[in-house]
Amino acid sequence: MPGSLVGVVSAFDERLDMTLPGSLARRDGHRARTPVVPRFLAFVRAPMLDAELAAGIRPSASTAHQLRANHLRRIRVRRRIAIALNRAVDDANCPVRHGTPQAPLSREAVRCCCAEIRELAALVASLENPRIQGVAIAFQLAFDGSGPLFFRPDPPDGTERLANTVRAARSALRVSADFE
């Protein structure tokens, strides 16, 4: 009964959103410790939340969105994104390794967009207060095996798709996060 579990989790998540403040801050200015259940739900729903944040949903939309946005904004997470993007560029120029559990790169597309990918990696890691939409797009780009960074046999426009995604992430990062 996976469908009923999803319904229960969604209903529970909606009730949490009504009881917990979106900012997760106390009146005295210190951050309140978020209860375990909302943090667990944000962890379990991370891929869906990443997709929604990348599409432009505001982090304040729900407690789960805010928790995921806070996670993605951490400097160590952003550095991990930058390392993964730079590694993809490096790996695209190396011989193919067979038998690895990793999703295969779209090597030609990555080689064509290598300068833009490296620029995106530098932006993600170095910005003081990055807009979460740009970070979420970069996170998906680096870690979603079905994304434009990775090989897919059907679409012939892999290079254009990758270039557009990198451009979208860079554009989103250039907008101030103060408006989120």
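**Exercise 1. How many disulfides does the structure hold?**

Let's begin with the model itself: this is a predicted model, in which local features need pLDDT of at least 70 and side-chain atom pairs count only at pLDDT 80 or more, while totals for chains, interfaces and linings use all residues. Residues are numbered from 1 along each chain as its sequence is written, and side-chain values use heavy atoms, with hydrogens and water left out.

Step 1. Settle the term: a disulfide is a pair of cysteine sulfur atoms within 2.5 Å.

Step 2. Try Cys 114. Its closest cysteine sulfur belongs to Cys 113 and lies 8.2 Å away, which is too far for a bond.

Step 3. Give the count: the structure holds zero disulfides.

**Exercise 2. Describe the overall make-up of the protein.**

Step 1. Count the elements. Helices (H or I, at least four residues) and strands (E, at least two) are DSSP runs, numbered from the N terminus. The protein has nine helices and zero strands, so its pattern along the sequence reads α-α-α-α-α-α-α-α-α.

Step 2. Look at burial. Buried means under 20% relative accessible area, exposed means over 50%, and partly exposed is in between (1.4 Å probe, protein chains only). Of the 180 residues, 38% count as buried.

Step 3. Apply the scale to two cysteines. Cys 94 counts as partly exposed because its relative accessibility is 40%, and Cys 114, at 29%, is partly exposed too.

Step 4. Turn to contacts, meaning heavy atoms within 4.5 Å. Among contacts between residues at least 6 apart in sequence, 68% join residues at least 24 apart.

**Exercise 3. Work out how α4 sits against α5.**

Step 1. Find the helices: α4 covers residues 63–73 and α5 covers residues 75–92.

Step 2. Read the geometry. Axes are lines fitted to C-alpha atoms, for helices over the stretch in contact, and angles run from 0 to 180 degrees between N-to-C directions. The two helices pack at an angle of about 65°, with their axes 5 Å apart. That makes α4 roughly perpendicular to α5, a label for angles of 65 to 115 degrees (under 35 is roughly parallel, over 145 roughly antiparallel, the rest oblique).

Step 3. List the partners: His 71, Leu 72 and Arg 73 in α4 meet Ile 75, Val 77 and Arg 78 in α5.

Step 4. Check the cover over α4. Eight of its 11 residues are buried, so α4 is largely enclosed by the rest of the structure. Among the buried ones are Thr 63, His 65 and Leu 72.

**Exercise 4. Trace the surroundings of three residues: Arg 78, Ala 88 and Ile 117.**

Step 1. Start with Arg 78 in helix α5. Arg 78 is buried, at 5% relative accessible area. Leaving out residues up to four places away in sequence, Arg 78 touches eight residues, including Leu 72, Val 124 and Leu 127. The C-alpha atoms of Arg 78 and Leu 127 are separated by 9.5 Å, although their positions lie 49 residues apart along the chain.

Step 2. Move on to Ala 88, also in helix α5 and buried at 7%. Not counting residues up to four places away, Ala 88 touches Leu 105, Val 110 and Leu 149.

Step 3. Finish with Ile 117 in helix α7 (residues 114–126), buried at 0% relative accessibility. Beyond its neighbours within four places, Ile 117 is in contact with residues including Leu 85, Val 110 and Leu 149. Its C-alpha atom is 9.0 Å from that of Ala 88.
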